[in-house]
Amino acid sequence: EEPAPLDEGAAAAEAPVAVAEGLRLHLSSSNRNGYKGVHKDASGRFYAQHRVDGSLVSIGHFGTAVEAAVVYARAVGEYQPPPPPTVAADAE
């Protein structure tokens with residue numbers, strides 16, 4: 001029996017979730033793509049930007065809205081690393 005073909009769409013959908021771990025992404029109900037600071041340009045790529053001292057600062061262009069949202073979260077200082085693994089203390 002042959003293995004089932006790989007669903008590339010499912011694999012691609014899971015990839016951004018792994019990238020976003022440890023970050024609090026800024027969701028936005030008023031933004032068409034769903035993320036604060038993320039916009040879509042005329043070519044279909046996504047770009048991230050944020051304000052620093054009242055000036056708009058471009059962060060970069062990305063292939064997906066999630067990638068742009070991850071970089072936006074890092075840029076505005078919302079990185080929250082995963083907690084360190086707990087180590088059971090050996091009773092001696």
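This report describes the fold, the core and selected residues of a predicted model.

**Basis and confidence**

Local features are given at pLDDT of at least 70 and side-chain atom pairs only at pLDDT 80 or more, while totals for chains, interfaces and linings use all residues. Residues are numbered from 1 along each chain as its sequence is written, and side-chain values use heavy atoms, with hydrogens and water left out.

pLDDT is the predictor's confidence in each residue, from 0 to 100. The protein averages 74, and 64% of the residues score at least 70. Among the elements, β1 has the highest mean pLDDT, 93, and α1 the lowest, 44. Over residues 1-15 the pLDDT is below 50, and this stretch has 0 contacts in the model beyond near neighbours in sequence. Where pLDDT is low, the predicted coordinates should not be read in detail.

**The sheet**

Helices (H or I, at least four residues) and strands (E, at least two) are DSSP runs, numbered from the N terminus. Two strands pair if DSSP finds at least two bridges between them. Here 3 strands form an open sheet in the order β1-β2-β3, with antiparallel pairing. β1 and β3 stand at the edges with a single partner strand each, so one side of each is left without a neighbour in the sheet. The twist averages 30° from one strand to the next. Axes are lines fitted to C-alpha atoms, for helices over the stretch in contact, and angles run from 0 to 180 degrees between N-to-C directions.

β1 covers residues 38-40 and β2 residues 46-52; 3 bridges join them. K40 stands opposite F46 in β2. β2 pairs with β3, residues 55-62, over 7 bridges. In that pairing A48 stands opposite G60, and the bridge partner of V52 is S55.

α2 packs on the sheet and touches β1, β2 and β3. The direction of α2 makes about 20° with that of β2.

**Turns with positive phi**

| Residue | Place | Phi |
|---|---|---|
| G44 | hairpin of β1 and β2, 5 residues between the strands | near 95° |
| D53 | hairpin of β2 and β3, 2 residues between the strands | near 50° |
| G77 | after α2 | near 80° |

D53 has its positive phi although it is not a glycine. D53 lies in the loop between β2 and β3. With a relative accessible area of 80%, D53 is exposed. The cut-offs are under 20% relative accessible area for buried, over 50% for exposed, and partly exposed in between (1.4 Å probe, protein chains only).

**The core**

A nonpolar core is a set of buried Ala, Val, Leu, Ile, Met, Phe, Trp, Tyr and Cys residues joined through side-chain atoms within 4.5 Å. The largest has 9 residues: Y35, V38, F46, A48, F62, A65, A68, A69 and Y72. β2 and α2 each supply at least two residues of this core. α2 gives the most, with 4 residues. In soluble globular proteins, nonpolar side chains tend to be buried together.

α2 covers residues 65-75, and its buried residues are A65, A68, A69, V70, Y72 and A73. An α-helix has 3.6 residues a turn, so residues three or four places apart point the same way.

Two aromatic core members have listed contacts, where contact means heavy atoms within 4.5 Å. Y72 is in helix α2. Y72 counts as buried because its relative accessibility is 6%. Leaving out residues up to four places away in sequence, Y72 touches H26, K36, G37, A48, Q49, H50 and I59. The C-alpha atoms of Y72 and V38 are separated by 7.6 Å, although the two are 34 residues apart along the chain. F62, with neighbours within four places set aside, is in contact with R45, F46, A48, E67, A68 and V71.

**A buried asparagine**

N31 lies in the loop between α1 (8-20) and β1. With a relative accessible area of 17%, N31 is buried. A polar atom of the N31 side chain lies 2.9 Å from the backbone oxygen of V38. Not counting residues up to four places away in sequence, N31 touches K36, G37, V38 and H39.

Notes. A polar contact is a pair of N or O atoms within 3.5 Å; within protein, one must be able to donate a hydrogen and the other to accept it, and residues adjacent in sequence count only if both atoms are side-chain atoms.
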